[in-house]
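Subject: Structure handover

Hello,

Here is the structure I promised to pass on. Please open it and keep it beside you while you read my notes below.

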Amino acid sequence: MAEYGEWNRKGATLSDVTAKKEYGVDRDFIVKGIQAGKLEYREGSIWGNPYLRLLRRQLEKYIAEQLGQDYLSSAKKRTEIRRIKREINSLKKRLKELEARKTELEN
């Protein structure tokens with residue numbers, strides 16, 4: 001059962017699409033968890049495209065039960081590595097822009 005305010009807390013929920021990207025689980029896996037009563041969900045729609053909104057805490061617990069804790073931890077590590085790489089690339093781009101501006105001002 002969801003804790004009070006959990007559905008509104010930032011980062012506490014994710015869509016089925018995001019779950020696929022972050023944890024590598026498909027919609028069928030999620031639907032089986034819902035049918036088994038392990039996952040609470042809310043339906044949503046953006047631009048006419050339906051999605052399922054899930055509680056991250058429950059999804060991680062269900063993944064650990066079904067696929068193992070090792071799978072869950074490796075999926076979390078992959079997601080974190082992707083986030084770090086994205087941030088590094090963003091910082092490299094910003095550094096390049098600043099160096100170009102510095103050169104422009106020096107001339």
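What radius of gyration does the chain have, and what would a compact globule of 107 residues have? The chain has 19 Å, whereas a compact globule of that many residues would have a radius of gyration near 13 Å. Bear in mind that this is a predicted model.

**The chain as a whole**

Start with the outline. The C-alpha trace spans about 70 × 35 × 25 Å along its principal axes. The chain holds four helices and three strands. Read from the N terminus, the order of elements is β-α-α-β-β-α-α.

Next, burial and surface. Of the 107 residues in the chain, 25% are buried. The exposed surface of the chain comes to about 8,300 Å². Carbon and sulfur atoms supply 52% of that surface.

Then the contacts. Take those in the chain with a separation of 6 or more. Residues 24 or more positions apart account for 62% of them.

**How the helices pack**

Two numbers are worth knowing here. Two packed helices are described by the angle between their axes and the distance between the axes.

Look at H3 and H4 to begin with. Helix H3 covers residues 56-67, and helix H4 covers residues 69-106. Their axes are 6 Å apart, and the packing angle is about 130 degrees. How are H3 and H4 placed relative to each other? They are oblique. That follows because 130 degrees is outside the ranges for roughly parallel (under 35), roughly perpendicular (65 to 115) and roughly antiparallel (over 145).

Which residues meet there? H3 brings Glu60, Ile63, Ala64 and Leu67. H4 brings Gln69, Tyr71, Leu72 and Lys76. By class, the contact of H3 with H4 has five nonpolar residues, one polar and two charged.

Now turn to H1 and H4. The axes of H1 and H4 come within 8 Å and cross at roughly 95 degrees. H1 and H4 are therefore roughly perpendicular to each other. On the H1 side, the contact is made by Lys21, Glu22 and Tyr23. On the H4 side, find Tyr71, Leu72, Ala75, Lys76, Thr79 and Arg82. The contact of H1 with H4 divides into four nonpolar, one polar and four charged residues.

Some residues of H4 turn up in both lists. Tyr71, Leu72 and Lys76 meet H3, and Tyr71, Leu72 and Lys76 also take part in the contact with H1.

**Four residues to find**

*Trp47.* Find the loop between strand S2 (41-46) and strand S3 (49-55); Trp47 sits there. Trp47 is not a glycine, yet its phi is positive, at about 50 degrees. Is Trp47 buried or exposed? Trp47 counts as exposed, because its relative accessibility is 84% and the cut-off is over 50%.

*Asp26.* This residue is in the loop between helix H1 (16-23) and helix H2 (27-35). Asp26 is partly exposed, with a relative accessible area of 36%. Asp26 and Asp16 are 10 residues apart in sequence. From C-alpha to C-alpha, Asp26 and Asp16 are 7.6 Å apart in space.

*Glu104.* Go to helix H4 for this one. Glu104 has a relative accessible area of 60%, so it is exposed. How far apart are the C-alpha atoms of Glu104 and Gln69? They are separated by 53 Å, with the two positions 35 residues apart along the chain.

*Tyr4.* Look in the segment before strand S1 (13-15). Tyr4 is exposed, at a relative accessible area of 84%. Tyr4 and Ala36 are 32 residues apart along the chain. Their C-alpha atoms are separated by 22 Å.

Try finding each of these in the viewer.

Best wishes

Definitions and conventions. Residues are numbered from 1 along each chain as its sequence is written. This is a predicted model: local features need pLDDT of at least 70, side-chain atom pairs count only at pLDDT 80 or more; totals for chains, interfaces and linings use all residues. Side-chain values use heavy atoms; hydrogens and water are left out. Axes are lines fitted to C-alpha atoms, for helices over the stretch in contact, and angles run from 0 to 180 degrees between N-to-C directions. Helices (H or I, at least four residues) and strands (E, at least two) are DSSP runs, numbered from the N terminus. Contact means heavy atoms within 4.5 Å. Ala, Val, Leu, Ile, Met, Phe, Trp, Tyr, Cys and Pro count as nonpolar, Asp, Glu, Lys and Arg as charged, and the others, Gly among them, as polar. The radius of gyration is taken over C-alpha atoms; the globule rule is 2.2 Å times the number of residues to the power 0.38. Buried means under 20% relative accessible area, exposed over 50%, partly exposed in between (1.4 Å probe, protein chains only). Accessible areas come from the Shrake-Rupley method with a 1.4 Å probe; for residues, only the protein chains shown count as cover.
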